[in-house]
Amino acid sequence: MAATVTPAHSADTAVEPQHGIAMHGEPTYPKGFSHFDYVNPEAPKAGTLRMAVVANGYDSFNPFVIRGVPASGVSSYLYDTLLESSDDEPFSAYGLIAESIETPDNRSYVTFHLNEQARFHDDEPITAADVKFSFEILTTEGHPFYRNYYADVSKVTVVDDHTVRFDFSDTTNRELPLILGQMPILPAHYWEGREFGRAGLTRPVGSGPYQIGDFDAGRSITFKRADDYWAKDLATRKGRFNFDEIRFDYYSDDTVALEAFKAGSFDFRVEPSAKNWATAYTGDRFDNGTIVTEAIEHHRPAGMQAFALNTRKTMFSDARVREALSHAFDFEWANKNLFYDQYTRTKSFFENSELASSGLPEGRELEILEPYRDQLPAAVFEQVYQPPVIDGKGGLRDNLRKAMGLLKDAGYDIQNGKMTHTETGKPLTFEILLHQKNFERVVLPLKNNLARLGIDVSIRLVDTNQYIQRVRQYDYDVITQVLPQSDSPGNEQREYWHSSNLDVPGSRNYMGVNDPVVDELVGKVIRAPDREELIYRVRALDRVLLHGHYVIPQWYLPRDRIAYWAYLKKPGNTPKNGIDIDNWWIQL
């Protein structure tokens, strides 16, 4: 794709290029810093890191489109971005492909000055034309996420071979310069004459620390260190990506994967199961320190893990029905009997952070919500949100009684033993879609509790690939979904909650949120002028979502449960975002 070269705007000469940028305030690391504080700049570069992926294979090396299932690691290891975010700040970024960045105080545009040493793996230089090409191809033929993420970019201008400028239609969207810095840069010359939207296993050309080496389609993939990687000595890369090779092997069953880890088939594991963590990490290799286990505290937002209710389906269109179902989920029983009391109940879409709402709205948060009072449930202003608790003398019986009251208010009653809508005559029944067999033990008690209300629930277990395709098309009633959040929410919130993504295949609006108040609050979050105002606006959004009862909250863990073979070493300083294996190394 040819790029138009235009002269720089003389009016912008007063803006000085900077080495980094923070969402609010100033970045922590000064100009000329040598490395991030949470890495070991002297880490040796050697050896092979072996990892496991629990999934039914992959069929694509293109992670940027909605087709196919991409191989693990392709987006993070194969492609560099304009900027690199640090893991010990709310949201700051520093030079990678772009050695400097300039943007005015009102952030009406951003200009990236590219490092002239930046190269693709085929030794072609990375130019401003490649940046423009990447933006255009991702927002027109890539995953719908990119169109939402960069929706406020109005113009892209190639100033010269190493300078590119983005102008914005919304000057209050302060996040845009940073999230443009996250954009993977693709080689225009490679994609010329190729179909970008097509999934496949042809090795693409990238620019990152690794290239695709050997692979066995759908079963394994190995990334090998890129020859003479152009960015290896940059401050944002020093001490990182220390393995000569990184290999991912695919396992269809997590139990098999765990046993393979203990047998030495791979090196590092993040344990997702509380039961496994409590019972499976035993034996001589653990006793003598050959395998190390640690639960390392982190301070990143936990987001929301929950049963997501698809409100596109008629039976979930009424918030009273959705709220009623939450009274049948016995977290307290599950935590005690299944999870060894390791988890904490999630009460916010921004859990484990200062962004989470609590109590009743007051002060600035109440001011934000007040204009929408007539459009919101009274509970937003009058009731502290709390997921139903099942304990005490009444236990489940009291909760089911509350659920029955909500269902009757929504027009349901028991007819012939089944919860039935009194006007339509349709029984309340739905399916929970799973792709992990070990999650059935969580779902079955919920199914049994709902059966006491005359609600029939079926459980459908499908393979990972089928699950991904069904979720992309919203072909489900209920799924278990993790909705992750950063410490600096912004443009990605459109993907989760905005009505414009209601029927866009592949968006992350899993619940089908379609609320004009939510739309406006998302816009306010994106346009927050400073950190303090961002916190108030996110709390207001959180509160409205919680009282919409779009999900049945599950749980979170403020620690990373990890197990690794002792020849792996990690830096002494763990950043607030937690463990990152790309900062580790092998001690030979």
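Colleague: Let's start with a pair of charged residues: are Arg 240 and Glu 84 buried or exposed?

Modeller: Happy to help, and please keep in mind that this is a predicted model. The side chains of Arg 240 and Glu 84 meet in a salt bridge, with 2.9 Å from N to O. As for their surroundings, Arg 240 and Glu 84 are both buried.

Colleague: How many residues apart in sequence are the parts that Arg 240 and Glu 84 tie together?

Modeller: Glu 84 belongs to strand β3 (residues 83-85), while Arg 240 sits in the loop between β10 (220-225) and β11 (245-251). The pair therefore ties together parts whose separation in sequence is 156 residues.

Colleague: Which residues are linked with Arg 240 and Glu 84 in a network of salt bridges?

Modeller: The Arg 240 and Glu 84 side chains meet in a salt bridge. That pair belongs to a network of salt bridges, whose other members are Asp 80, Arg 237 and Asp 580.

Colleague: What about Glu 195: with which residue does Glu 195 form a salt bridge?

Modeller: Glu 195 is found in the loop between α5 (188-191) and β9 (210-216). Its closest N and O atoms in the bridge are 3.7 Å apart, and the partner is Arg 67.

Colleague: Is Arg 67 buried or partly exposed?

Modeller: Buried would need a relative accessible area under 20%, and exposed one over 50%. Arg 67 has 46% relative accessibility, so Arg 67 counts as partly exposed.

Colleague: Where do Glu 431 and Arg 460 lie?

Modeller: The side chains of Glu 431 and Arg 460 meet in a salt bridge at 3.5 Å, N to O. The two residues are 29 residues apart and link distant parts of the chain. Glu 431 is in strand β18 (residues 429-434) and Arg 460 in strand β19 (residues 456-461).

Colleague: Which counts as buried, and which as partly exposed, in that pair of Glu 431 and Arg 460?

Modeller: The cut-off for buried is under 20% relative accessible area. Arg 460 has a relative accessible area of 38%, so Arg 460 is partly exposed. Glu 431 has 14% relative accessibility, so Glu 431 counts as buried.

Colleague: Finally, which residues does His 549 touch, not counting residues up to four places away in sequence?

Modeller: His 549 has its place in the loop between α18 (531-546) and β21 (551-553). At 13% relative accessibility, His 549 counts as buried. Leaving out residues up to four places away in sequence, His 549 touches Leu 309, Ala 319, Arg 322, Glu 323 and Tyr 385.

Terms used: Residues numbered from 1 in each chain as written. Predicted model: local features only at pLDDT ≥ 70, side-chain atom pairs only at ≥ 80, totals over all residues. Heavy atoms only, no water. Helix = DSSP H or I, 4+ residues; strand = E, 2+ residues; numbered from the N terminus. Buried < 20%, exposed > 50% of the residue type's maximum accessible area, 1.4 Å probe, protein only. Contact = heavy atoms within 4.5 Å. Salt bridge = Lys/Arg side-chain N within 4 Å of Asp/Glu carboxyl O.
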